[in-house]
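Pull the model up in your viewer and keep the sequence handy. We'll go through the sheets, then the place where the chains meet, then a couple of backbone oddities.

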Amino acid sequence: MENERLNQLMERAGVRQYDCYQCGKCSGGCPMAHVMDLKPRGVMRCAQIGSLRRILESNTIWLCTGCHTCAERCPHDVDIPAVIEEMRYEAAAEGLTRRDSKVLNEVFLANIRMFGKNHEMLLAGLYNMLTLKPLQDMASLPHMYKNKLLKLLPKEPKNLTEIEALVKRAEKWRGLK
Amino acid sequence: MRKYSYFPGCSMESTAKPYRLATEYVMGKLGIGLVEIEDWNCCGATSGHTLSEALGLALPARSLALAEKRNPELDILTGCASCYARLRLAMYKARTDERAKYIIEKTIDMPYAAAREVYNFLDVFSLPDVREGIAERVVRKLTGLKAACYYGCLNVRPAEVTGAPDRENPTSMDEIVALTGAEPVDWAFKAECCGAAHQNDAASASRALPHRILRDAQSNGAEAIVTACPMCNLNLEMRQDGYVNRTGMDRIPVFSLSELLAVAMGASAKRIALEAHYVPSAAVLARALRRKDA
Ligand code: SF4
Ligand code: SF4
């Protein structure tokens with residue numbers, strides 16, 4: 001079962017796990033490797049030995065920045081970010097979303113639904129409230145007010161109902177939440 | 001006259017005020033027309049594609065489809081690396097992956113042919129005639145300004161989407177910066193990721209990313225960092241208090257390529273709101289303007 005599922009996910013990602021020969025170049029260049037509990041090479045190793053669980057429960061799939069350094073440098077053209085993306089959708093479907101990522105994504109989605117645009121400081125402010133980190137990045141607020149860098153509300157797209165419908169339709173496809 | 005459908009992106013409307021003003025100034029001088037895409041929406045970076053493939057593709061595709069409908073003859077231009085990556089990926093997927101195109105069109109409920117290209121500022125400033133135009137309009141030199149040109153990840157990677165010729169050592173920005181009399185420094189972190197995507201939801205884990213970039217720029221003699229993205233710019237400025245505390249290094253000004261060009265083309269600091277930077281940047285530019293050729 002688990003193996004079948006793993007193979008399906010790899011197929012969706014368009015990656016054959018045995019293309020990876022474990023050289024480690026991906027982990028060497030990954031800017032987030034210092035905080036990942038499973039490094040990029042480890043993700044590929046787990047895919048080879050059938051440890052789907054280990055990947056889905058790793059913090060890696062939530063900490064990857066999507067910078068594509070690993071894929072750029074891989075001598076065998078393994079698209080690790082594509083694997084990580086599929087694994088993230090799968091983990092989310094199983095309710096394994098990392099808490100802070102979940103809060104951020106929800107705040108973001110609310111933002112888009114309200115304005116059609118992303119209101120940066122509102123996003124940060126709401127995120128901080130919900131995660132009980134009221135001061136994170138707020139030292140810059142006086143500077144931003146003084147220089148009028150914050151619009152209270154972004155210009156609204158004329159057609160917010162269209163955005164709302166788009167988000168609804170997107171939910172129908174596999175993967176959302 | 002060159003003309004583009006323009007996607008400003010969310011940052012341009014708020015925190016990236018000097019970038020916006022400088023871009024308008026420079027494009028005006030160069031005679032490049034920017035037609036803002038009517039009723040554009042957020043490109044979704046970076047939560048859109050974290051939530052789902054469909055949302056990650058449809059959010060940028062809606063703006064692209066609107067642009068192609070309104071101005072079918074115009075390519076699309078954006079000054080933000082995150083927007084560029086999302087828009088360009090939607091274009092690329094619509095062209096190369098039938099399943100993705102189907103999902104996109106169903107989700108945005110509009111046809112999207114992906115007939116036009118998506119470009120960033122580096123692409124446009126590197127066009128031979130535009131580059132000539134820049135050289136002609138530089139009215140004062142930023143002599144000897146040691147600048148670290150920072151491309152970030154998404155302006156160059158992934159290769160198959162961006163088509164960037166060199167992802168490890170890109171040079172297009174260095175060449176443009178050199179037209180102003182500034183001296184691009186050789187450094188290692190040009191295309192490293194600044195981690196802007198996780199500065200909210202994994203703040204302590206991702207602080208090392210901007211810090212490493214700042215340190216490498218300074219160790220290689222840079223007096224300033226030049227960016228091609230408002231998110232990178234904001235991130236590299238806002239993390240400097242922690243950087244200074246941690247390393248004992250000085251702060252380093254960070255501003256966009258547009259601002260550098262605007263100053264060289266004669267814009268006053270006030271005109272492009274240079275004072276709005278979190279890390280002061282007017283002084284280092286003024287110093288370069290006063291410096292005479294050695
Ligand atoms: S760089 Fe490629 S081949 Fe080497 S370990 Fe990573 S994925 Fe495997
Ligand atoms: S794309 Fe993700 S896994 Fe690959 S180098 Fe960047 S952060 Fe690391």
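Start in chain B of this predicted model, where four strands make an open sheet in the order β6-β5-β7-β8, with parallel pairing. At the edges you'll find β6 (183–184) and β8 (254–256) of chain B; each has a single partner strand, so one side of each has no neighbour in the sheet. As a reminder, strands of a sheet pair through backbone hydrogen bonds, either parallel or antiparallel.

Now zoom in on one pairing here. Strand β5 of chain B (residues 146–150) runs parallel to strand β7 of chain B (residues 224–227), and four bridges link the two. If you want a residue to click on, try B:Ala148, whose bridge partner in β7(B) is B:Ile225. Helix α14 of chain B (residues 257–264) lies across β7 and β8 of chain B, and its direction makes an angle of about 80 degrees with β8(B).

Chain B also has an open sheet of four strands in the order β2-β1-β3-β4, paired in parallel. Its edges are β2 (33–36) and β4 (118–120) of chain B, and since each has a single partner strand, one side of each is left without a neighbour in the sheet. On average, neighbouring strands of this sheet are turned by 40 degrees against each other, ignoring direction. Strands β1 (residues 3–7) and β3 (residues 76–78) of chain B run parallel and are joined by three bridges. One residue to look up there is B:Tyr6, which has B:Leu77 as its bridge partner in β3(B).

Next, bring chain A into view. How many residues of chain B are in contact with chain A? There are 64 of them, and they meet 58 residues of chain A. The area buried between the two chains is about 5300 Å², with carbon and sulfur atoms giving 55% of that. On the chain B side, B:Leu51, B:Asn200 and B:Asp201 lose the most area to chain A, and together they account for 13% of what that side buries.

What about the polar side of things? Between chain B and chain A there are 14 residue pairs in polar contact, counting pairs with both residues at pLDDT 80 or more. Several elements of chain B give two or more residues to the side that touches chain A, including α2 (47–51), α3 (53–70), α5 (98–108) and α11 (208–219). By residue class, that side of chain B divides into 28 nonpolar, 17 polar and 19 charged residues.

Salt bridges come next: the structure holds 27 over all chains, and four are found between chain B and chain A. A good one to inspect joins B:Arg167 and A:Glu72, with N and O 3.0 Å apart. This pair crosses between the chains: B:Arg167 is in the loop between α8 (159–162) and α9 (172–178) of chain B, while A:Glu72 belongs to helix α6 (residues 69–73) of chain A.

Finally, the backbone oddities. Most residues other than glycine have a negative phi, and most peptide bonds are trans. In chain B, however, a cis peptide bond joins B:Arg157 and B:Pro158, with omega at about -10 degrees. You'll find B:Pro158 in the loop between β5 and α8 of chain B. Over in chain A, A:Asp77 has a positive phi of about 55 degrees, although it is not a glycine. A:Asp77 is in the loop between α6 and α7 (80–93) of chain A.

How values were computed: Residues numbered from 1 in each chain as written. Chains lettered and ligands numbered in written order. Predicted model: local features only at pLDDT ≥ 70, side-chain atom pairs only at ≥ 80, totals over all residues. Heavy atoms only, no water. Contact = heavy atoms within 4.5 Å. Buried area = accessible area lost by both parts, 1.4 Å probe. Salt bridge = Lys/Arg side-chain N within 4 Å of Asp/Glu carboxyl O. Polar contact = N/O pair within 3.5 Å; in protein donor to acceptor, adjacent residues only side chain to side chain. Nonpolar A, V, L, I, M, F, W, Y, C, P; charged D, E, K, R; others polar. Pairing = 2+ DSSP bridges. Axes fitted to C-alpha atoms, helices over the stretch in contact; angles between N-to-C directions.
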